[in-house]
Amino acid sequence: MVFDPSAIVARLPHLPGVYRMLGGAGEVLYVGKARDLKKRVSSYFQKAGGLSPRIERMVAQVAAIETTVTRSESEALLLENNLIKSLAPRYNILFRDDKSYPYLLLTGHAFPRLAFYRGALDRRHRAFGPFPNAGAVRESIQLLQKVFRLRTCEDTVFANRSRPCLLHQIRRCTAPCVGLVSPEAYADDVRSAELFLRGKDDEVVDALASRMQAASARLDYEEAAVLRDRIGALRRVRERQFVDGESGTDADVIAAAVHEGIVCVNLTMVRGGRHLGDRNYFPRNAEAAEPAQVLEAFVSQHYADHDLPPLLVIGGLAAADELAAMLAERAGHAVAIVERPIGERRVWLEMAGRNAELGAAREAGLVANQESRLKALQEALGLAEAVHRIECFDVSHTLGEATVASCVVYEDGALRKGEYRRFNITGAAAGDDYAAMREVLTRRFRRVAEGEGARPDLVLIDGGKGQLGIASEVMQECGLGDLALVGYPLIGHLVVHRGGHGLHTALAERLLADTEAWELVELGTDVADVAMAGTRSTVLAS
């Protein structure tokens, strides 16, 4: 039966909310937000030509529509992001939920400490950032040590020092731990560091210049020389990191690029007028999407979880005003989206665009390399179908007790850490690796046979002929006897079992001789060993 949306659209209100497009089996195809649900949903079913090919394919599969009315546009933005994360719809552009950004921290102690920090912020301390990566934070800490000579040691070390450490000797700390600097002078250095981090570098340079002149006037030329060097270091940093004419500005610069089907979004961070660095993001389900759609998806998903600066510089974003209003309502402060920047902002957007292009090209090269390995693996094993998903299993125990198993997943050219699994083995006798392997494989592939999990194209077993025989029996019992199995008993040795037809010595020899295919097998087993080591640590700790 052909789906008729007219009755559903007629009942929709002119209110903000979230809509879900459902397929014939009830699966969620797409999740979207709207300022006006009636107008937005009806736009999908008007005359052809206004939709991208990707969305046209989605609309052709729609069998039902569900909507949720929200109190505000910002609430719709938040609900949309939560649904995309939990449902992972096929036609939504998906950005990986990354860990929180790191910050540079000035603690609230009598002698504040410079520290790297990631997590919930504490009002007792002053946090600066966020920074795009840990390296940018550590580079800033090194700079502040060199110019302002603030301490970085832990409180326990600070409280128990009896003499200055090496950092004082190389002029990276004023040694407040042993009283070589007064609280007032140290507080001045902390204030200068804070001004610098807030982009007020001119004030810092003027203050240091005044101190240098005062030291020179009292004939303390050694102190004057130290201050001169600090001023020089600050000026060099300003030339390298500060955005001309943007002192004190907090902004994110965002650009997208596509290379051979790989989409890359580059996020460049400017805080206090300083260029803190950038980070590349590679979304899923974005192969046929327009750059404007990718940018909108990134902004909607990214800033649902991260701090939003007052300025976003983005090129080619559709419906920027509507999106800015939603973001501002959620953030609680005004947000400006600049689509056609001029001057220095245009230069930074062009730089972000080049970085996105380079990131997409580099990722495309990596994907091509992984595809080459998968092709080599398919040919070495003589498989009729291409290899897209590989699962690797390993069993371990501690002195015969606390037996555990791990499963790592390699799919479409990348390790899928979100699908790694750990199994506590309860039904096998202590030290019985065969029984443990039977239990973990039965638990995993019974679900596959019932249609609850993804079916792999290849299974790697960290074990020899015995474990491989157990694996073959389990696959036959689960109705998956055609799965290819590879055992890895020793470095440089393989046993292969394919399609229920017994061991294949010739295939094992061919696989060992193929460097690209062999590297992929080693990757899976090495990662399984690492996962197993983490599991053993957890079990021992408990």
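**Helix α12 and its surroundings**

Trainee: Which residue, with a positive phi near 85°, follows α12?

Mentor: The model is predicted, so local features need pLDDT of at least 70 and side-chain atom pairs count only at pLDDT 80 or more, while totals for chains, interfaces and linings use all residues. Residues are numbered from 1 along each chain as its sequence is written, and side-chain values use heavy atoms, with hydrogens and water left out. Helices (DSSP runs of H or I, at least four residues) and strands (E, at least two) are numbered from the N terminus. The residue that follows α12, with its positive phi, is glycine 332.

Trainee: What distance does α12 reach from its first C-alpha to its last?

Mentor: α12 covers residues 320–331, which gives 12 residues. The expected span is 1.5 Å times one less than the number of residues. The reach of α12 is close to that expectation, at 16 Å.

Trainee: How wide an arc do the buried residues of α12 cover around the axis?

Mentor: The buried residues (under 20% relative accessible area, 1.4 Å probe, protein chains only) are Ala320, Leu323, Ala324, Met326 and Leu327. They lie on the same side of α12 because the arc, taken from the directions from the helix axis to the C-beta atoms, is only 165°.

Trainee: Against which elements do these buried residues of α12 pack?

Mentor: Packing rests on contact, meaning heavy atoms within 4.5 Å. The partners are β2 (28–34), α4 (73–87), α11 (291–302), β10 (311–314) and β11 (336–338).

Trainee: Which residues does isoleucine 337 touch, leaving out those up to four places away in sequence?

Mentor: Isoleucine 337 is in strand β11 and counts as buried at 15% relative accessibility. Its C-alpha is 6.1 Å from that of leucine 311, although the two are 26 residues apart in sequence. The residues that isoleucine 337 touches are Leu312, Ile314, Leu317, Ala320, Leu323, Ala324 and Leu327.

Trainee: Are α4 and α12 roughly parallel or roughly perpendicular to each other?

Mentor: Axes are lines fitted to C-alpha atoms, for helices over the stretch in contact, with angles from 0 to 180 degrees between N-to-C directions. The axes of α4 and α12 come within 8 Å and cross at roughly 90°. Angles of 65 to 115 degrees count as roughly perpendicular. The two helices α4 and α12 are therefore roughly perpendicular.

Trainee: What percentage of the residues in the protein chain is buried?

Mentor: The protein chain holds 17 helices and 18 strands. Of its 542 residues, the buried ones make up 46%.

Definitions and conventions
Buried means under 20% relative accessible area, exposed over 50%, partly exposed in between (1.4 Å probe, protein chains only). Angles under 35 degrees count as roughly parallel, over 145 as roughly antiparallel, 65 to 115 as roughly perpendicular and the rest as oblique.
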